[in-house]
Amino acid sequence: MAVLHNLRVTLEIEQVAAEARKYQDLSLEALEVGDRAAYNAANEVAVHAFLQEKISFGGIMECVESVVQKLGGGAPVKLRDLADVSAIEDDARRYAHEYVD
């Protein structure tokens, strides 16, 4: 029985590690300033939802990815000033809240 338990724990750890790698890959892809702003804002909302047990660990990455793609996902954006960045962050937080609620 201990062998089965150890196997289950090992598989769960490997699954979490795979989810973490996907999350890291997404963060590296968010190179544009607008994408980084959306990524960070959505991440804040998603992590808070995870800590409140509203979403799973993998749900963090799914939420962030969904928000970044919804807001342009790598499309170059001409940002004029910090107000533009704030607007992206506000939109990202709104979409992330919609995703987790």
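Which side chain meets Asp 91 in a salt bridge? Hi everyone, let's start there. The partner is Arg 94, with N and O 3.1 Å apart. Both residues belong to helix α4, where three residues, or about one turn, separate them. Asp 91 is partly exposed at 27% relative accessible area, and Arg 94 is partly exposed too, at 41%. Please keep in mind that this is a predicted model.

Now for the other salt bridges. The count comes to four, and I'll walk you through a couple more. Arg 93 pairs with Glu 44 at 2.9 Å, N to O. This one links distant parts of the chain: Arg 93 sits in helix α4 and Glu 44 in helix α2, 49 residues apart. Arg 93 has a relative accessible area of 26% and Glu 44 has 47%, so each falls in the partly exposed range between 20% and 50%.

Then we have Asp 84 and Arg 80, whose closest N and O atoms are 2.9 Å apart. Here the two ends contrast: Asp 84 counts as buried at 14% relative accessibility, while Arg 80 is exposed at 69%.

Let's move inside. The largest nonpolar core has 19 residues, and those with the most contacts within it include Ala 46, Ile 55, Val 64 and Ala 96. Helices α2, α3 and α4 each supply at least two of its residues, and α2 gives the most, with eight. In soluble globular proteins, nonpolar side chains do tend to be buried together.

To finish, take a look at Ala 96 on your screens. Beyond its neighbours within four places in sequence, Ala 96 contacts Ala 42, Val 45, Cys 63 and Val 67. Thanks, everyone!

Note on methods:
Residues numbered from 1 in each chain as written. Predicted model: local features only at pLDDT ≥ 70, side-chain atom pairs only at ≥ 80, totals over all residues. Heavy atoms only, no water. Core = buried A, V, L, I, M, F, W, Y, C linked by side-chain atoms within 4.5 Å. Buried < 20%, exposed > 50% of the residue type's maximum accessible area, 1.4 Å probe, protein only. Helix = DSSP H or I, 4+ residues; strand = E, 2+ residues; numbered from the N terminus. Contact = heavy atoms within 4.5 Å.
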